[in-house]
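Me: Please take me through this structure and justify the terms as they are used.

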Amino acid sequence: MSNVRVRFAPSPTGLLHIGGLRTALYNYLFAKHHGGTFVLRIEDTDQKRYVEEAEKDIITSLNWAGMPFDEGPGKGGDFGPYRQSERSEYYQKYSAQLIQQDQAYYAFDTTEEIEDMRSRLQKSGNPSPKYDAITRMSMKNSLTLPAEEVKKRLESGEKFVVRLKVPRRETIRFEDDIRGFVSFESQGLDDQVLLKSDGLPTYHLANVVDDHLMGITHVIRGEEWLSSAPKHILLYEYLGWEPPRMAHLPLIMSPKGGKLSKRNADALGIPVNVRDYVKQHYEPEALINFLAFLGWSPGDDREVFTMEELIKEFSLDRIGKGGAIFNHSKLIWYNEHFMRKIPEEKLLPKVREQVEEAGYTGYSDEYLKEFIRLMKERASLVTDFVTYGQYFFEEPKVYDEKTVKKAWKPATPTLVDKFRNDIAELDEESFNAVILKQKLSDIVEDEGIGFGKLMQPVRLAVTGMGFGPDLFETLQLLGKKRVVSRLDKAVQVL
RNA sequence: GCCGCGUUCGUCUAGUGGCCUAGGACGCCGCCCUUUCACGGCGGUAGCACGGGUUCAAAUCCCGUACGCGGUACCA
């Protein structure tokens, strides 16, 4: 396929949503797979829902996820401007053309008048009243009003909308690259508003005009658009343009049912905005893999990919048709997987940020890198490092009750004290994991007891917990001074 | 309600008429490794929504039913 051009066209009504990121990802992968262009277009035609920071958030999120766009706001390109609010002239032009061709018309009805019509029809037994080929003949529009009056109303500055003149009986059929042939009867469509009374276009007009003008070859978007696709097909036909290929993606569902929305995700503790994932230090690769596999698969048993591999393997015909439930534990698995592969060096800035946020300052890079090495295998997220490794920065305030009960026996204090005295004699150099282990083994052997009889109490005394990284490496990192004083304290307190 | 789209282990999925006694992954459970916890290794658990066809043969094709989801705005 040559010259593939796709677009991600979010509406700046809030922070970028995880579902939006997946749509962007599939577009990105498709474009790159074909050596094509990935365009970002901002669909800001709804002034009421416009959110100032949204556009910036979308761009930041896309870059964080590793899918920069080739053309778009702030970046430029040959098909700009890339914000719909700056493209009014085009929408005006083409809606005028449609009116001239008698495929669209002016309508002057107020909201109340339309509601009246709907409720009247509903009462007389019509279950789904529409502004359509039949009802439009009894409404106030340029099809029913005398030409003279239409002209007068327009000139006097009266508010109007432009509506698409949907044919009465026509089957609209198109091929979706994911679903195959899909068909709709035009009777089921209403005379869609194309131009709103504020002069701005609705999604339907803007999207068709821009996709054509921007040379978009493939429209890859969420399934929520499938039912309006026939309107778009009609528009392409009337405007004399060849429609792009279309692919409607299955939706991401909430574990509780319904499409994953901010509301139901919040209730389940699932982060829904990309910004949340950034803040919680998820690895972008983890999110990308997770999202890629939510509805797509390479067809074999592989399950961890780099972006390059995803690009190489991606194809629309391997996308499933059914909605996919968001599975947080799988995401966590991906995150653990990637995090463990990242060198300590690279994790350092993130971890330092976490550590310092928790109020522990002044630690050297060396200390933190060793901390990371010890914690990495045990954490799901970078934020877990401090949560489960607090004792690397602060002496334990409490001792885990269960572990105390299990490990701290009457004979324990004497043993711990013995270990304390043995290691207190060690110099800096000798205070290392190997020698520490040897010291502990010696005592255990002398006393003829199990290794754990002493190891667990020492761990408890030093960390306050019953589990954690290798004890001796932990002791080495903490250093003699802290270890000895913690052992002393524990013997007193427990 | 109407229109449209879906439906393989709890979840993500492989499967395009015989290779399916339905494969992989996450989760869960067990074992091994480890004198902690985890990592890792090995194993187990569990599924073709239902009913009719078509065919020598159906998870795969057709038709119904059920269920789910989306749309039904001067929102996208």
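The exchange below sets computed values against the definitions behind them.

Reply: This is a predicted model, in which local features need pLDDT of at least 70 and side-chain atom pairs count only at pLDDT 80 or more, while totals for chains, interfaces and linings use all residues. Residues are numbered from 1 along each chain as its sequence is written, chains are lettered from A and ligands numbered from 1 in the order in which they are written, and side-chain values use heavy atoms, with hydrogens and water left out.

Me: Why is Arg 41 called buried?

Reply: Buried means under 20% relative accessible area (exposed is over 50%, partly exposed in between; 1.4 Å probe, protein chains only). Arg 41 has a relative accessible area of 0%, so Arg 41 is buried. Arg 41 lies in the loop between strand E2 (37-40) and helix H2 (54-64); helices (H or I, at least four residues) and strands (E, at least two) are DSSP runs, numbered from the N terminus.

Me: What makes the pairing of Arg 41 and Glu 43 a polar contact?

Reply: A polar contact is a pair of N or O atoms within 3.5 Å; within protein, one must be able to donate a hydrogen and the other to accept it, and residues adjacent in sequence count only if both atoms are side-chain atoms. The side chains of Arg 41 and Glu 43 are joined at 2.8 Å.

Me: Why is strand E8 described as largely enclosed by the rest of the structure?

Reply: Five of the five residues of E8 (residues 218-222) are buried, so the description follows.

Me: How do you know that E8 and strand E9 pair?

Reply: Two strands pair if DSSP finds at least two bridges between them. Five bridges join E8 to E9 (residues 245-249), and the two run parallel. Within this pairing, Arg 221 has His 248 of E9 as its bridge partner.

Me: Which residues come nearest to RNA strand B?

Reply: Arg 179, Lys 196, Phe 293, Glu 377 and Arg 378 come nearest, out of the 60 residues around RNA strand B. A residue is near a strand if one of its heavy atoms lies within 4 Å of it. Sugar and phosphate make up 74% of the atoms of RNA strand B that come within 4 Å of the protein.

Me: What polar atoms of the protein face RNA strand B at Arg 179, Gly 295 and Gly 468?

Reply: An N or O atom in the side chain of Arg 179 is 2.6 Å from a sugar or linking oxygen. A polar backbone atom of Gly 295 is 2.7 Å from a phosphate oxygen, and a backbone N or O atom of Gly 468 lies 2.8 Å from a base nitrogen.
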